[in-house]
Every structure is written in C-alpha cells, then in structure tokens.
Amino acid sequence: QEVAALGEVVVMGVNLRTMGIVAVSAASLVLGACTSASDDGAGGSSTTESEVASPTVTFPDLTWTRSTSADLGGEGVQRMFDFVAADSGLTAVGMESPRFSGEDSVLVVWTSPDGSEWTRAQTIAPSAEPADCGAYVWRAIAAGGPGLVTVGFGGACTSSDGLSWQGQVEAEDPDAGLKLDVTAGGPGLVAVGVREEPTASSAAVWTSPDGLTWTAVPDDEAVFADGYMSSVTPGGPGLVAVGQVGRPDSTVAAVWTSPDGLVWTRVPHDEAVFGGEDGQASISSVTTGGPGLVAVGSDAPDVQSTRGAGGAAVWTSPDGATWTRVAHDEAVFGGVEGRYMRMGSVAATESTVVAVGQAVGQPDVQPLAWSSTDEGATWSLMDLGPLFDTGETAALQIATAGGPGLVVVGWVDTGD
C-alpha cells in the first residue's frame, strides 16, 4: 500500500524523495496531440523549456511526451495528488514540502490549458483557520459545488476558478476519517475513503450538496466493515466504488454500488474474481469505459509476495454488479520473483483504456503504463523508459481524460 506524509511517498516500503511529473498520452489520430509533458524540475535539468526537446515515445496506438514545465519542480519536494479536467482546462492539487528543513508543508494548485504546459497557480500556507484551507490535507479533486471541490483529511474546500479557495466553516473531527476520492453524484457530491476505529477500520462514504457541508453515510458493518474505498465513479446503478476488505496481512478486492450515494451494497465476494483470503488483492481505481466499467489494482498470492512477485490486475463489468477478472499474463502484468507490478489508476477514451502504475523491485521503482483497445479484454505493456533520464526513479499514479487525449501525473526521484 501507499502512504503519503509531508511530501514523501512510501511505496512498498521504499522511501523516495518525490517531485512532480506529468505525462500526456494522446491518440495518434488526433492532429497535434502527439506531444505532451513532464517537468525539467522533475528531471533535474537546469536548461530552459525552449532549450530542450520534450522526450517522446510512441506505441502503435499512443504517443507519450514528458512535460518540460518548470513549475512542476522546484527546491522542495512536490507531489500531485489528483487533478480534474474542466471547461477551462486542467486543475491539479498537491503538496510541497521543504527538502531538508523542519518547516511545514504547503498546499499547491497547478493549472494547465492542455496538460503540456503547467503553471503553479496557488500556494496555500498552513493555517489554523478552517476557512483558509491551510488546515487541511488534500487528496482528491472533482468538478462540483461552485466549480471545483477538494477533499482529504480534516475538511473540504471549494473554488469557482481554481485560484481562490474557500474552506469549510468548521473543521471536521479528526476521527471523521480520510476522504480518498470524490465525484459528482447523489445529492451533489459523493466522497469515499476510510474511517479508522480504535481496533479496526471501515470503508466510509460522505455526501454533500455543495462541497462545503458534508454528511457521513451511517456505518453499516455488514457493508463497510474492514473496508477501504480508494476510488468512486458514476456508473452501474448510479455509483460504483472500489477498494479492498481485510486486515493488513490479508486483503481481497472489493466493489460497492449505490443508486444515490446514500444506500450502499457490497458486491458479493467471489474468490475467483476478487482474490482469496490468504492473498493481497486490492482495487486502486475505477472508471467508466470498456464494456461499462474497468477497474485496476494488484494481486499477490500472499503478503510476502507484495515484496516480490505480485502482479497488476484488471477487472471489467457491464453494470457494476457482475465482474470478470482479466486473465493474468505474466509478460504483461508481472508476477515474477523480485519485481512487484501495480496498477494505480485507469482512464478511458472512446477507443483506448489506459492504466498507469509502477514496478517495485531492486534496485529501483520504474514507471509503467498499459493500454487496451478491445474494451479492457486484453492489454499491452508500454515501456516508458525513454521518457526518463538514467538514474531517475519514477512512478505514474493518476490518469484521466483531458488535454489532447489522456493526461497522467506521477513523481520522479532524480537521486540528487
């Protein structure tokens, strides 16, 4: 599992200093869309954007280009948590932490017209005032409320333009839980995540009419116990959320559905689809696409394999209630000893489904991307190595439709 704290990310037990990176993937048939993005700050270069050509790699159906926007890097440690596409372009939210000092982290907002060029639009300093947003930790962003809504730990914030942000009038109880994803739906907005209890944790759902006033869906042990919701999307009967159920040493993939965001049902467990009780299966992300819905994550036969031979995994569904696990192909999804592959996010265009993630193994973490042109039934693994310099460690984490086709964000460790 992944844990973020003060701008550092811990991936499968490996501590890595992080910096922002963006890549844009576009269908090759879209004129002018065969270029895209990552940052010279992330790449560790001091040359200007005009002096260096953006690295590009092309596959039969997709062309990826790394952004050279300097605003994605900097002196501190940057990380984008999430971003959303709207009429005005893309808005991303994240955090920057000092590299070597004990100063507090700050919230950061980046904007982009197309996913290639990024501007650091807003920096929000820590604050004890809930209305200032600096009292919170952002994890996800969605279109809703007056325009945009961010959620995470402590409370939510809204903005009409992505530049000026308004926080909740009153901060939430620290025990209220962590919102990991948010989408338009139900009474206005629906957020999902996890609520930590003294002896266990449970999946949690919140709803809001405007992004500032949130109500927790009553806990139902039969539905939410030992759960962890990582992603939610409109689909199926109304909304579909995915994640995992279990204890740290044993998890199975899990799916929940709801017609309105208020009443939820967990899809019955099927070991052949969602994993066995002795394994480590988890769904990280879900999107509408393919036959109806496509979800991605990882699966390992046991807890020890998460440090060695776990593999990426894909599930598809026509309606959110009936799911099929895509057959494992070791050459595509991994599973070889000493190399753990994980899909972290999935997005879809009309013709292609793309998943991104990472391979964790000795001696480093490498960025990975997969594509499917047959509604998620079969997949190809794409080598994104040419996008990164020798010695760089990187992972791609969030993908969504936007820009010229698809936009992906992640992080790079330059090793400096």
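Let me start with one residue, Asp226, which is partly exposed, with a relative accessible area of 24%. This is a predicted model, and every value I give is computed from it.

Asp226 forms a salt bridge with Arg247, and the closest N and O atoms are 3.4 Å apart. The two residues link distant parts of the chain: Asp226 is in the loop between helix 2 (221-224) and strand 19 (227-235), while Arg247 is in strand 20 (residues 238-247), 21 residues apart. Arg247 is also partly exposed, at a relative accessible area of 42%.

How many salt bridges does the structure hold? There are three. Another joins Glu96 to Arg120, with 2.9 Å between the closest N and O atoms. Glu96 belongs to strand 8 (residues 89-97) and Arg120 to strand 10, so this pair ties together parts that are 24 residues apart in sequence. Is Glu96 buried or exposed? Glu96 is buried, with a relative accessible area of 16%, whereas Arg120 is partly exposed at 25%.

The salt bridge still to describe is between Asp299 and Arg325, where the closest N and O atoms are 3.1 Å apart. Asp299 lies in strand 24 (residues 292-299) and Arg325 in strand 26, so parts 26 residues apart in sequence are tied together. Arg325 is partly exposed, with a relative accessible area of 22%.

That brings us to the sheet. Strands 23, 24, 25 and 26 form an open sheet in the order 23-24-25-26, and the pairing is antiparallel. Strand 23 (282-289) and strand 26 (324-325) stand at the edges with a single partner strand each, so one side of each has no neighbour in the sheet. Strand 25 (residues 311-317) is joined to strand 26 by two bridges. Which residue of strand 26 is the bridge partner of Trp315? It is Arg325, the residue that forms the salt bridge with Asp299.

Next, strand 6 (residues 62-66), where five of the five residues are buried. Leu62, Trp64 and Arg66 are on one side, Thr63 and Thr65 on the other, and both faces are covered. Strand 5 (residues 56-58) runs antiparallel to strand 6, and three bridges join them. Thr56 has Thr65 as its bridge partner.

Last, the cysteines. A search of the whole structure finds one disulfide. It is formed by Cys133 and Cys157, with their sulfur atoms 2.2 Å apart. Cys133 lies in the loop between strand 10 (119-124) and strand 11 (137-144), and Cys157 in strand 13 (residues 157-159), so the disulfide ties together parts 24 residues apart in sequence. Both Cys133 and Cys157 are buried.

Definitions and conventions
Residues numbered from 1 in each chain as written. Predicted model: local features only at pLDDT ≥ 70, side-chain atom pairs only at ≥ 80, totals over all residues. Heavy atoms only, no water. Pairing = 2+ DSSP bridges. Helix = DSSP H or I, 4+ residues; strand = E, 2+ residues; numbered from the N terminus. Disulfide = S-S within 2.5 Å. Buried < 20%, exposed > 50% of the residue type's maximum accessible area, 1.4 Å probe, protein only. Salt bridge = Lys/Arg side-chain N within 4 Å of Asp/Glu carboxyl O.
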